[in-house]
Number of protein chains: 2
Amino acid sequence: MAKKLDLINGCIDMTHGAGGKSMHQLIEELFLGSFQNEYLHQQNDQAVVPAISGRLVVSTDSHVVSPIFFPGGDIGSLSIYGTINDVAVSGAEPLYLSASFILEEGFPLSELKKIVNSMKKAQELTGVPVITGDTKVVEKGKGDGIFITTTGVGVIENPRIQVSVSRVKPGDEILVSGYMGDHGIAVLSKRQNLDFETSIESDSAPLHELIREIIREVPDVHCMRDPTRGGLAATLNEIAHAARVGMMIEESAIPIRTEVAAACELLGIDPLNVANEGKLVVFCAPEHAKRVLEIMQAHSLGRNAASIGTVREDRDTLVEVRSNLGGRRVLYWLAGEQLPRIC
Amino acid sequence: MAKKLDLINGCIDMTHGAGGKSMHQLIEELFLGSFQNEYLHQQNDQAVVPAISGRLVVSTDSHVVSPIFFPGGDIGSLSIYGTINDVAVSGAEPLYLSASFILEEGFPLSELKKIVNSMKKAQELTGVPVITGDTKVVEKGKGDGIFITTTGVGVIENPRIQVSVSRVKPGDEILVSGYMGDHGIAVLSKRQNLDFETSIESDSAPLHELIREIIREVPDVHCMRDPTRGGLAATLNEIAHAARVGMMIEESAIPIRTEVAAACELLGIDPLNVANEGKLVVFCAPEHAKRVLEIMQAHSLGRNAASIGTVREDRDTLVEVRSNLGGRRVLYWLAGEQLPRIC
């Protein structure tokens with residue numbers, strides 16, 4: 001097999017996932033060449049990395065976003081940033097990633113190359129390398145182009161850091177790092193059956209540096225989350241449910257772009273149900289809230305950060321929103337039928 | 001949503017992957033209930049585990065085997081054992097797993113429950129818990145029932161253990177832990193377009209205990225692999241290629257069941273190209289070979305272990321097989337077109 005991969009006109013075929021020479025060629029010519037690092041180049045079926053000292057953090061996410069290219073990002077960078085964020089919100093420093101690809105027969109190698117390049121750039125930007133991986137191929141009609149599952153490993157060195165939903169308690173202040181709903185609206189705007197005009201781009205971004213700065217100054221933050229699928233509403237309800245608390249949110253305080261609000265009105269959805277991929281929700285004691293907000297606002301990914309409400313006692317674990325006109329409504333936790341395959 | 005999941009007649013729908021209340025219900029009622037462990041019950045988007053001391057090992061694999069239930073196993077246990085094996089062959093003790101599910105709309109909850117039960121049993125049997133996970137759903141026709149990506153984390157405590165393809169060198173003896181080709185033939189026997197009669201069952205099994213025993217007595221083994229996709233032929237060729245060596249294999253020494261040989265003849269394939277899911281290939285110095293073989297043969301997963309050949313110098317990195325009649329042939333590395341979706 002002296003012929004090189006045709007990265008311009010070639011397509012994935014079943015041999016690329018069957019463990020033979022074709023798969024080896026795909027890995028050598030495309031993956032190893034892009035994700036250059038010493039661990040991947042060990043060419044074993046796993047990566048061995050030096051000992052680390054501190055609690056270990058592991059998080060995994062499959063990415064099935066549709067379409068795979070959207071304004072502000074693609075499935076490649078999303079799969080890197082998304083898992084880095086899930087590791088980082090525990091208060092950990094993300095160290096390593098694995099990436100596993102499920103490709104559909106017929107998927108253009110040119111698109112795969114574009115996605116791998118995007119992952120490579122994301123790896124360089126974040127300093128978190130992809131150290132091991134896997135490739136499988138399924139028959140045409142048994143997949144949808146490309147699915148990417150990434151798993152992240154991180155470390156919490158400081159024993160004082162105890163970030164967990166179980167620490168959320170009445171009185172805690174709730175902060176968000178910026179505009180809600182950008183990612184979901186950017187992806188929806190490119191769906192074949194919708195395809196509306198908007199200038200909104202996905203907020204897909206790695207949050208670990210912003211989180212590192214918060215944690216360094218305020219190691220006592222109670223809980224952090226990135227409000228992805230289901231948006232802020234799902235995240236707040238999940239936390240309320242798990243921590244057995246209620247919340248009161250001030251609608252006017254929630255940062256939402258005019259264009260996102262307009263698109264949501266058009267689509268008949270609530271921006272608080274729309275996914276984000278580069279936003280942070282922080283729960284902390286009220287005496288730390290001002291400082292956390294300042295740190296967020298001083299960071300490029302937190303310029304529009306705001307304090308949006310407080311945690312309170314409530315056996316019914318309701319998340320309520322006080323509207324701009326003073327009325328109150330319960331922010332319901334949707335079943336989830338509105339926005340499939342958003343990440 | 002007071003109604004419980006209908007695990008008998010219910011099906012996966014798009015809401016089960018959309019981040020809302022339905023997804024939460026699926027996770028609480030099915031996944032948390034099955035994979036009971038303290039880490040998963042933290043209910044954060046990641047798991048935080050205690051510090052470990054030693055080199056860290058990470059491995060990932062997506063599982064797309066078709067059919068998902070086959071003689072001797074299913075996609076659930078396979079996804080646990082497969083990743084445990086990939087971690088263990090580095091000489092590491094596997095500690096934790098993550099599991100990420102990509103489900104197709106319409107997939108029966110009863111089958112999902114069966115698969116999750118199988119994973120639960122595998123977790124109990126191996127002592128390696130699933131500590132974090134993810135669930136995504138794709139539209140009908142955009143997936144194939146269920147794909148499972150698992151990532152394993154392990155530790156190598158003993159600094160003397162240096163298991164790597166780069167240590168394979170001329171003179172090394174090559175050992176296998178038992179019969180070749182069982183898994184592939186078991187899966188193929190249930191393919192819709194083949195469906196032949198055979199009593200062969202998959203060898204799908206966790207190898208970490210067998211490996212632990214080998215490593216304890218012979219920490220100096222050079223390289224270990226589990227010859228999965230592409231079979232023994234792909235594994236030997238990959239290692240020959242990476243280590244820049246050749247190999248001479250004695251055909252009569254390779255353990256192959258009569259039924260597997262017969263099925264392979266029927267299908268027109270070489271059993272050495274057929275996948276295994278519970279077999280080990282070991283490369284070690286000749287002075288250690290006898291002891292490694294004894295350890296294998298004393299273990300239930302290595303009863304039929306055998307020494308099958310030696311590594312030799314060869315710039316062309318050829319893997320040759322000496323036939324029972326004394327002739328020699330090159331064991332080619334297939335492109336991989338024969339056996340898709342075997343794991």
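Begin in chain B of this predicted model by selecting strands β8 to β14, where seven strands form an open sheet in the order β9-β11-β8-β12-β10-β13-β14, with mixed pairing. The strands at its edges, each pairing on one side only, are β9 (223–225) and β14 (328–330) of chain B. From one strand to the next, the twist averages 25°.

Within that sheet, select residues 173–176 and 281–284 of chain B, which are strands β8 and β11; they run antiparallel and are joined by four bridges. If you then display V176(B), you will find V281(B) of β11(B) standing opposite.

Move next to residues 246–250 and 319–322 of chain B, strands β10 and β13, which pair in the parallel sense, again over four bridges. A useful pair to pick out is M248(B) and its bridge partner in β13(B), E320(B). Continuing from β13(B) to β14(B), the pairing is antiparallel and runs over three bridges, with V321(B) opposite R329(B) of β14(B). These two strands, β13(B) and β14(B), make a hairpin with five residues between them, and in the turn G326(B) has a positive phi of about 100°.

**The sheet shared by two chains**

Now show chains A and B together and select β1(A), β2(B), β7(B), β5(B) and β6(B), which in that order form an open sheet of five strands with mixed pairing. Its edge strands are β1 of chain A and β6 of chain B, each of which pairs on one side only, and the twist from one strand to the next averages 15°. To see where the chains meet in this sheet, select β1(A) with residues 55–63 of chain B, strand β2, which pair in the antiparallel sense over three bridges; V48(A) has V57(B) as its bridge partner in β2(B).

At the other edge, select K136(B), which belongs to strand β6 (residues 130–138) of chain B. Is this lysine, K136(B), buried or exposed? With a relative accessible area of 2%, K136(B) is buried, since the cut-off for that term is under 20%. Show its side chain and you can follow it to the backbone oxygen of S62(A), at 2.7 Å. Beyond its neighbours within four places in sequence, the contacts of K136(B) include D61(A), V64(A), R229(A) and C343(A) from chain A, and G17(B), F101(B), I102(B) and L103(B) from chain B.

**Two helices of chain B**

Select residues 21–34 of chain B, helix α1, which lies across β5 and β6 of chain B and runs at about 135° to β6(B). The 14 residues of this helix should span 20 Å at 1.5 Å a residue, and its end C-alpha atoms are 19 Å apart, which agrees. Centre the view on E28(B), and you will be looking at the centre of a kink of about 30° in α1(B). The buried residues of α1(B) include M23(B), L26(B), L30(B), F31(B) and L32(B), and the buried residues of this helix pack against α6 (231–243) of chain A as well as β5 (93–104), α3 (109–126) and β6 of chain B.

From there, go on to α3(B), whose 18 residues reach 25 Å from first C-alpha to last, close to the 26 Å expected at 1.5 Å a residue. Among the buried residues of α3(B) are L109(B), L112(B), I115(B), V116(B) and M119(B), along with the polar residues S118(B), Q123(B) and T126(B). The helix α3(B) is followed by G127(B), whose phi is positive, near 75°.

**Two loop residues of chain A**

Finally, turn to chain A and select L40(A), in the loop between α1 (21–34) and β1 (47–49). Although it sits in a loop, L40(A) is buried, with a relative accessible area of 12%. Leaving aside neighbours within four places in sequence, L40(A) is in contact with F31(A), L32(A), F35(A), V130(A), I131(A) and T132(A). Measuring across to G54(A) gives 24 Å from C-alpha to C-alpha, for a separation of 14 residues in sequence.

The last stop is V221(A), in the loop between α5 (208–217) and β9 (223–225) of chain A, where a relative accessibility of 0% makes V221(A) count as buried. Its contacts outside the neighbours within four places in sequence include Q162(A), V163(A), R167(A), I214(A), I215(A) and V282(A). Another of these contacts is V292(A), which is 71 residues apart from V221(A) in sequence and 8.7 Å apart in space, C-alpha to C-alpha.

Definitions and conventions: Residues are numbered from 1 along each chain as its sequence is written. Chains are lettered from A and ligands numbered from 1 in the order in which they are written. This is a predicted model: local features need pLDDT of at least 70, side-chain atom pairs count only at pLDDT 80 or more; totals for chains, interfaces and linings use all residues. Side-chain values use heavy atoms; hydrogens and water are left out. Buried means under 20% relative accessible area, exposed over 50%, partly exposed in between (1.4 Å probe, protein chains only). A polar contact is a pair of N or O atoms within 3.5 Å; within protein, one must be able to donate a hydrogen and the other to accept it, and residues adjacent in sequence count only if both atoms are side-chain atoms. Contact means heavy atoms within 4.5 Å. Two strands pair if DSSP finds at least two bridges between them. Axes are lines fitted to C-alpha atoms, for helices over the stretch in contact, and angles run from 0 to 180 degrees between N-to-C directions. The expected span of a helix is 1.5 Å times one less than its number of residues. The bend at a residue is the angle between axes fitted to the seven residues ending there and the seven starting there.
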